[in-house]
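Welcome to a short set of exercises with worked solutions. Take a moment with the sequence and the model, and try each task before you read on.

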Amino acid sequence: MTLYLLEVYAHLVSGVLLIGYALFWVVMAIGVGREGDSRLLAVINGSRWPPAGLPRGLRLPLPWLGWAFLLALAVTGLLLLHIRGLTPDALFSAEALAGRFGRLMAVKLMLFGLLVLGHAAATFRPRRWLAFTNGGLALVIVLVSVLIRR
């Protein structure tokens, strides 16, 4: 297996984990119900993972999982671009942005930045609308990623 395929695999697995994490929060937001019950989301946000099997001191706070998935996606994404020979200068040059790949990649990176900001907001103050927004952003990023490869 080449380094590129290994990176693609790691990027895809990280993406699947992030989608699962985002959908978990969407399901919890639906389950909580009204906006006034956001304090229940704060209780969920304070829980630790895994829920059993490890001493409590070794369990990760739930938002850290999201940060780990986002970090893994950022690192593997940058490595994939590097392996393809794309530097940040070349990626955001006028020539690259004139092409379909460059435009879609710029959209994907912008959406990823919005997802990072949304996750930062949800880490400190989880809200239903943030769960829905982050879940939608994660799914749209996957859609844009598929369009990049076509």
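Helices here are DSSP runs of H or I with at least four residues, strands are runs of E with at least two, and both are numbered from the N terminus. Please keep in mind that this is a predicted model.

**Exercise 1. Work out the order of the elements in the protein, starting from the N terminus.**

Step 1: Begin with the inventory, which is seven helices and two strands.
Step 2: Now walk along the chain from the N terminus, and the elements read α-α-β-β-α-α-α-α-α.
Step 3: Add the dimensions: the C-alpha trace spans about 50 × 35 × 25 Å along its principal axes.

**Exercise 2. Find which residues of helix α2 are buried, and explain how they are placed around the axis.**

Step 1: Helix α2 covers residues 38-45, and its buried residues are Ser38, Leu41, Ile44 and Asn45.
Step 2: These four lie on the same side of α2, because they cover an arc of only 100 degrees around the axis.
Step 3: Turn to the other side of α2, where Arg39 and Val43 are exposed.
Step 4: Finally, look for the packing partners: the buried residues of α2 pack against α1 (3-32), α3 (62-83), α6 (100-124) and α7 (128-149).

**Exercise 3. Decide whether Ser14 is buried or exposed, and list what Ser14 touches.**

Step 1: Locate Ser14 in helix α1.
Step 2: The relative accessible area of Ser14 is 9%. Buried means under 20%, so Ser14 is buried.
Step 3: Leaving aside residues up to four places away in sequence, Ser14 touches Phe69, Ala72 and Leu73.

**Exercise 4. Identify the residues that make a nonpolar surface patch, and classify Leu114.**

Step 1: Val107, Met110, Leu114 and Leu117 make a nonpolar patch of about 370 Å² on the surface.
Step 2: Leu114 sits in helix α6.
Step 3: With a relative accessible area of 41%, Leu114 counts as partly exposed.
Step 4: For the whole protein, the exposed area is about 9,200 Å², with carbon and sulfur atoms supplying 74% of it.

**Exercise 5. Determine the geometry of the peptide bond from Trp49 to Pro50.**

Step 1: Place Pro50 in the loop between β1 (48-49) and β2 (60-61).
Step 2: Check omega for the bond from Trp49 to Pro50; the angle is near -5 degrees, and the bond is cis.

**Exercise 6. Describe burial and contacts across the protein.**

Step 1: Of the 150 residues in the protein, 36% are buried.
Step 2: Take the contacts with a separation of 6 or more; residues 24 or more positions apart account for 64% of them.

Technical notes
Residues numbered from 1 in each chain as written. Predicted model: local features only at pLDDT ≥ 70, side-chain atom pairs only at ≥ 80, totals over all residues. Heavy atoms only, no water. Buried < 20%, exposed > 50% of the residue type's maximum accessible area, 1.4 Å probe, protein only. Arc of directions from axis to C-beta. Contact = heavy atoms within 4.5 Å. Patch = residues over 30% accessible without salt bridge, like charges linked within 9 Å, V, L, I, M, F, W, Y side chains within 5 Å. Areas by Shrake-Rupley, 256 points an atom, 1.4 Å probe, with all protein chains shown as cover. Salt bridge = Lys/Arg side-chain N within 4 Å of Asp/Glu carboxyl O.
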